[in-house]
Each structure stands twice: as structure tokens, then as C-alpha cells.
Amino acid sequence: MLFPTHEFLVFFAIIFTTSIFLKHRVSAYKYFLLFASLIFYSFWSLNFLGLLVTDTVINYLILKGIAHNKYKKVFLILGLVINLIYLGIFKYYNFFVDSLYEFLNSVQLQFSFPVLEILAPIGISFYTFRIIAHLVDCYRNQQQRPSFLDYAVYVTYFPQIGSGPISRPNEFYTQLNSSKKYDYQIETVIILIISGLFKKYTLSSFLFNFTQLPFSLPEQYSSIDLILSALAYSCLIYVDFSGYSDLANAISSLLGFKPIQNFDMPYRSQSLQEFWRRWHISLSEWLRDYLYIPLGGSKKGKFRKHFNLLLTMVIGGFWHGAGLNFIIWGGLHGLGLIVNHLWKDFCKMFQKNSNSTISSSKTSFQKLRANIAQFCSLILTFSFVTLCWIFFNTPNYENAIKFLQGMFNFSSGISVAQFNVWQLYVVFFIVFLMNFAGDKISELFSKLLSRQHLLLQTTFIFSLLYVIFRLGPNTVPPFIYFNF
Amino acid sequence: MKDFRFLLIASLGTVVLTAINYPLIIKSLGSSRFANVELKLASRQVKLEGFRKTETEFWNSIKEIEFDDSSQNTNGNPAENTALLQAEQATTETAEVNKQEKPLTRFLLLGDSIMYAVGVEFENAAKKSDFKFDEVKVDSRHSTGLNRIDYFDWYAKTPQLISKYNPDAVVVIFGGNDDQDILDKEGKYKTSLSPEWKATYRERVERYAKLISESSVRKAYWIGHPTSSVARYREFFLVANQIYRNISETYPKLEFIDNWNSFAVNGNFSPIVADKSGKKGRVRTNDGYHFTQHGAKIVVENLMERMKKDSVLQNTVQLKAENTNSANSQ
């Protein structure tokens, strides 16, 4: 069940109305939330629901094991192994089988073995990461063993199970066990809903059309179309995923949980480091706390720091999808981050030297130079991120190479510029505005909404929604991150 | 209090939005998996007009590949092309050749989204092969078929495409989106795969076969579906294939290509199958009906095998020699 659908509207209307009466009865509300989450998940598949329940029970038993001080390390390792095997079987089995066959093909070995057809349960990557975070937090004594009910609500919590944000157990339990729920502002929730629907329903559905065939059949498109398609994908993945996060946060707020910021105008970043502080924040923080730091972080020397960065990003890439293209995407970001760190070190060194000779007061020339440098950094970061997305969206590595070649092959003989339409440029401009003035636009809407009378408020909100629906399609494409 | 205020705003707005946007809400509700027959029927009767129609047409134009006429030379060797062109010109100048005796070199591939991968693989195969291809055109449309002609009408589109491209041979594949209730001639709904549904779908297939048969096309191939991992598609494709096969047998121009066991090992669906060169790969995508590039390659291999058998494909080297001899002898 996707968020912007009629089914979900009916489902949530019932859930929200009931929650009003149960929200402050802590125990009853937990049962209610668990029930709602299981119903929501069962809409995808009953088999997936069975797997989710089994996974929850097994991991809770492991948590109980970790609570016993004597064997806590053994149970942690067991938990990590079981979760990685679970993820490996359901998410990476096909990739391993395909890779094995590709290898056998390349060495011309005729060998066959039975192949299973396995579908990955919805949200498997997200709930597995939440479960792993919980195991590690309990092992580190940062989190006490919760009751089974609390744990089941945390793992299955429906607004976040499909595509995050990846909430941390400590914050979640504090809110779950408090009779004083998160006190949301109506205008903030409404802005999140409008923003989420506009991003998903209008912008993402529009951009989706520009990003399907060119990535499957790049050889059929002209260079200009491929460039526009790559830019469209950069915009698409932002509006699609941040739109989902906005809706998830709005739903969470209404259910009494504080929203988790997952995106912070990422395309205004002037470096790759900054980009990862603004993009998919809950995942970046997860990777930092549960992978990069345990690997040693930056405390074991420069070489090790760079190696840890690369490894974290490669694993982060592979987490997104079972394919060589995702590993390359992660690897490129890892390498980019290393270059970014080296450049920062170099600039610091250079500044140290120049500070000793030049006076600290900035001349207008220096200001201009700084502005130009900022602009160039922004363009460079955005271009790098966009080029990396090509690996992310192509079905395989070969297609990504064909796509890149096609982008820069201005003499391909294909002269049709099918995507050179003004509507696309308007959407680019809107995404640009979201990334450079998104916070100000939200503030403006918030002020407008908070001052008005109920009737005027309703008219204003639904005029906006009317425009969103008029511009959107009859059926909405699925969220990109539901595949991960 | 806050929750009730939000509920009030949401309810008020939903009522207002539904009231002013009623037809579109119905159309949208019709695509829900929980929609009943009446709702589906009502949603199909809602016609898109004004801005929404223009918008849908614009989106459809973006969803399809707009082929560039100037880049459609599918034969890889330019020198060979020139030689062939000269030989052909000489032939046309000096001899009146009956159209029926001319080799088939212009191909048009039509169908639903499954045709994308098949079309691309056919083009790739055409580029690599020793056979002569003057033109290969692919026109495949997402979410279309012979069932939902209210959404996209292949009966109207096909004659336009044939007249535009003047192909010698047509290849079609349908069925990917036809596994849904169908409206019969009297406007009544027939449940998918019921005997009445089969009769109505058969009429649709026959109508299309007749249309192709009565056109200027000299040969047509109807590609059958290979088996699938999804039980629902397996059942549907078996029924659809039987209809395509039976109809094809009654029209001499039309040939049915049986691919059922192409994705099977020992009669059962296998996700990984070897092509003719022995290279193994995944054949279907996770949805259970689209082909992967490797799967499409296997289907195209079968198609070209059949075309060779039917002498539809003409060897370039042989043809070049024949044409040059013919020109010289004149």
C-alpha cells in the first residue's frame, strides 16, 4: 500500500481517528500501533508478513541473549550473522547467482544448478538496519532490552517500514512509553503533506517518464536527451525520496512521534561531505555510527580513515541494491569523499601558510573569488552526484557505460531532442528553488496557514491540493526506495 | 482538540476535492485493486478532456522512443549499403520486378512494453547479421494490448503505422496487459479467463489478424509468450498463446512463433536459460512477464530462425551478387 493512494487514505483515516482516542493510553496504544502496522504490511503480501514476524521474534530472542552479560558478544555476532544471512538470501541471492553464471559464461564452463525465484520483502533493508542498530545499542549498553511489545512496534512501525527514516530505538521508545505524545503543529503537518504530495504526485510522476527508457536503452537517444535524462533523474530521486520522507514524517507526527529530518536541501551542497550531511541523513548517520566508527573511523591514521570511508560507502552502495552498478556508485562516492578530505587538508595547509603573510581583512576581490569558488564547488558537487546517479539507475554496469558514452557523444547521428521541452525546465527550476529556498518557502506557508480562519485555511490548503492532483497522473509510480 | 481540528480540515477538504474533481476521482479509483466491476466500468467511461487530455498526450509522447528517421540505417557496413543501393537502383531501372518476389527488408515491430526489449534485440541482431535489413521500426506502448482499447487503440494505430513505414513484414507481441476483464461487443464485462472472456478476446485477436492480413504487409509473425514463474501469467499465457496460434493458422500471411519452452528446462520454468551460443542468463524480470535483455535475445533467435526457414531473410552477400549480376546482364 503506497502512501498517495485511495487505499492508504481510507486506512489512515480509520487509524488516525482511532488513535485520537487511544494515543494517551500507553499500553493500549502500543497494541493498536502493532495491529495497524501488521495490517499495513499485510497489504503487500502475507508471506512477507510471516517473514517479518519470524524475523522480529528471532531477533528479540537474540536481544534476550545479549542481555545476559556472559555471552553477550556471542549473541551479538550470532545476531549480526543471522541478519546478514537473512538480507543476503532475500536481497542478494539473485545477484550472487547471476554473478556466478556470468563468471561461468566468461570461462565458458557449462554448469547448471537449480535456481530459486526469490522476491525481497518490502522494506527489508530498512527494518534489518533498525534491527542491527538495536542489537548493537543493547550490546554497548546504550539501550536496555525492551519488552517484546515495544520491540515489535519499533521494528514494524508502518510509517517507516517501507523506506525509513531509520529511527533510533532510544528515541522511539521514549516517545512510545510516554503518555505525552509529540505535540505537532497543524500547519507543519499540512506543509509536510502538501510538500510530500507535490513532490511525489506531481514532480516525481512527471520526471519518472524522462528516466525510464533512456537508462534501459541509452543507444536510442541523442546526447542532449541523455544529459536531460540524467538531470531529470537527479531531480527525480530527490523529489521521490524526500517526498516519501515528508509523508512518513507527517503521518508519524499525527501518530504522536517527532519527525526525523532525512533531507536538508542536498543539492545546495558545496562538497561531497556536505552532500552526505544533507542527503538521506538517517542512513548517513547509521553508516557513520554502526560501520564507519566501529571500523576505526578517523582515529587510526589517514590511510585507515580513507580506507574506512571507501569501505563504508561501498557497503552503503551495495545496501541500496544487489548489483555491480550499486557497488560502483558507492565506490565512486567513497573515492569522491577521499578526494574531498585530501582537498580540505590541502586547503587548510595552504591557508595556514598564506595567513601568516596576508592580512586577515578581506578585500572585495577576495570576496568575489570566494563567491566564484563556492559557485564552482556547488556545480562540481552537483555534476559529480548526477554522474554517479547514472550508475544507480541503470539496470547494469554495461548500460551505465553506454549512457555515459552517449552523453558525451555529440556525433552519434541521433539528432532528435525528444526531451527538450519547456515543462522539464520548469520542473528543474522548481527543484532548484526547493534546494535553495525550500526552508523559506516552508516558513512562508507556515505563516500563511497559522494566521487564517478555519474556512480560509481549508480553502487555501485544498486549492493547493487541487492543483497538485490536476497536475498529477491517475496512477502513481511506486517509490524508488521501495526497491531497496 | 488539535487532532479533531486536523480531522475536520481533512474531512472538509476531501469532500470538496471529491465534489469538484469527481470524474477524475472515479478514473483514479478504477485503477485500484479493490475497485469492483461497476467502478471499473464507470472509470473507463470517463473521457479525459481539456488540460488533462493534453497532459496525458504529452506524457505519452515522452514515454515512447521517438526514432530519428535519419539514423535508422540498420545495416552496419556503409560500403556494403552503398553497393547494395547501387545494385538496387540498377535493378529498378532495368527490370520490373514483381513486388511479391522482392526480398523482405523492411520490418515493423509492434506491441506492448514487452516489445521494447524484443525490438532492441531484433535491431541488434539485424546489425550483426549477414541478412539485409533496410529498415527496422519498433513501436511499443506501455500498458497497452488488445483488451483495453479504450486506453490505446491498436486497431486504429496499426494501419497508420503500416501506411507510414510501408513494412514488408510485421512482428507483433501482445498479452502482457490483457489479463483483465474485457468488455464485449454489447458493452458487458466478462471476467478474465472465463469462457465468455476467451470468446471476446478471440474476436479481438481475429480482428487484428484480419487487419494485418488485409494490409500491404507480406508476412506477419505473432510472438507467443514463454512460460513464466508466476502462476497467474503461466495460466494466462497458455490461454492467450492458444488463441494466437489458432487464429494464426487461419491466416496464411500470419505465423505463430511458439516460445513456450524457450524459458523452460525439462518443461518447467527456469529463471536462467542458455541462448544458442550456450551463454546463460536470467530471462525474465521479477514481475514475471517482461523479458530481460537475455530473454529477449532468445526470443529473437527463435524469430529469426523462423524467418530464415520461411526465406523471409535474404543473405546480403548473395543478394548483392544476384543484383549486380542482374544489372550487368541488362
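Let's start with something missing: across all its chains, this structure holds zero disulfides. Keep in mind as we go that the model is a predicted one. A disulfide is a covalent bond between the sulfur atoms of two cysteines. Take Cys235(A) as a test case: the closest cysteine sulfur belongs to Cys388(A), and it is 16 Å away, too far for a bond. A disulfide would need the two sulfur atoms within 2.5 Å. Looking from the other end gives the matching answer, since the closest cysteine sulfur to Cys388(A) is the one in Cys235(A), again at 16 Å and too far for a bond. Both cysteines are tucked away from the surface: Cys235(A) is buried at 6% relative accessibility, and Cys388(A) is buried at 2%.

Right beside Cys235(A) in the numbering is Ser234(A), which belongs to helix H11 of chain A, residues 223-254. Is this serine buried or exposed? Ser234(A) is buried, with a relative accessible area of 0%. So what does Ser234(A) touch, once neighbours within four places in sequence are set aside? It is in contact with Tyr267(A), Phe382(A), Thr386(A) and Trp389(A).

Aromatic rings come up a lot here, and a search of the whole structure turns up 74 aromatic pairs over all chains. One of them is made by Tyr92(A) and Phe318(A), which are stacked, with 4.3 Å from centre to centre and 20 degrees between the planes. This pair links distant parts of the chain, as Tyr92(A) is in helix H4 (residues 72-106) of chain A and Phe318(A) is in helix H14 (residues 302-320), 226 residues apart. Tyr92(A) itself is buried, at 6% relative accessibility.

Over in chain B, Tyr155(B) and Tyr208(B) meet in another way. Their ring centres are 5.8 Å apart and their planes stand at 70 degrees, so this pair is edge-to-face. Tyr155(B) lies in helix H7 (residues 154-165) of chain B while Tyr208(B) lies in helix H8 (residues 195-213), so the pair ties together parts 53 residues apart in sequence. As for their surroundings, Tyr155(B) is buried with a relative accessible area of 7%, and Tyr208(B) is buried at 0%.

Rings can also have a charge for company. In chain A, the charged end of Lys72(A) sits over the ring of Tyr139(A), 5.4 Å from its centre. Another such arrangement involves both chains: the charged end of Lys2(B) sits over the ring of Tyr184(A), 5.9 Å from the ring centre.

Now let's follow one helix from end to end. Helix H19 of chain A covers residues 454-471, and at 1.5 Å a residue its 18 residues should span 26 Å; the C-alpha atoms at its ends are indeed 26 Å apart, which agrees. Which residues of H19(A) are buried? They are Gln457(A), Thr458(A), Ile461(A), Phe462(A), Leu465(A) and Ile468(A). Seen down the axis of H19(A), these buried residues fall within an arc of 105 degrees, so they line one face of the helix. The spacing makes sense, because an α-helix has 3.6 residues a turn and residues three or four places apart point the same way. On the other side of H19(A), Leu455(A) and Leu456(A) are exposed. And what covers the buried residues? The cover includes helix H9 (186-208) and helix H18 (422-451) of chain A, together with helix H1 (2-20) of chain B.

Finally, a tour of some loops in chain B. Asn166(B) sits in the loop between H7 and strand E3 (169-173), and it has a positive phi of about 45 degrees although it is not a glycine. Asn166(B) is partly exposed, with a relative accessible area of 39%. Ser311(B) also has a positive phi without being a glycine, near 55 degrees. Its place is the loop between helix H10 (293-309) and helix H11 (316-329) of chain B, where Ser311(B) is partly exposed at 47% relative accessibility.

Our last stop is Lys188(B), in the loop between strand E4 (182-183) and strand E5 (189-190) of chain B. Lys188(B) is partly exposed, with a relative accessible area of 48%. Not counting residues up to four places away in sequence, Lys188(B) touches Ile182(B) and Leu183(B). Its C-alpha atom is separated by 9.1 Å from that of Leu41(B), a residue 147 places away along the chain.

Key
Residues are numbered from 1 along each chain as its sequence is written. Chains are lettered from A and ligands numbered from 1 in the order in which they are written. This is a predicted model: local features need pLDDT of at least 70, side-chain atom pairs count only at pLDDT 80 or more; totals for chains, interfaces and linings use all residues. Side-chain values use heavy atoms; hydrogens and water are left out. Buried means under 20% relative accessible area, exposed over 50%, partly exposed in between (1.4 Å probe, protein chains only). Rings of Phe, Tyr and Trp (its six-membered ring) pair if their centres lie within 6.5 Å; planes under 30 degrees apart count as stacked, over 60 as edge-to-face and the rest as tilted. Helices (H or I, at least four residues) and strands (E, at least two) are DSSP runs, numbered from the N terminus. A charge sits over a ring if NZ of Lys or CZ of Arg is within 6 Å of the ring centre and within 35 degrees of the ring normal. The expected span of a helix is 1.5 Å times one less than its number of residues. The arc is that of the directions from the helix axis to the C-beta atoms. Contact means heavy atoms within 4.5 Å.
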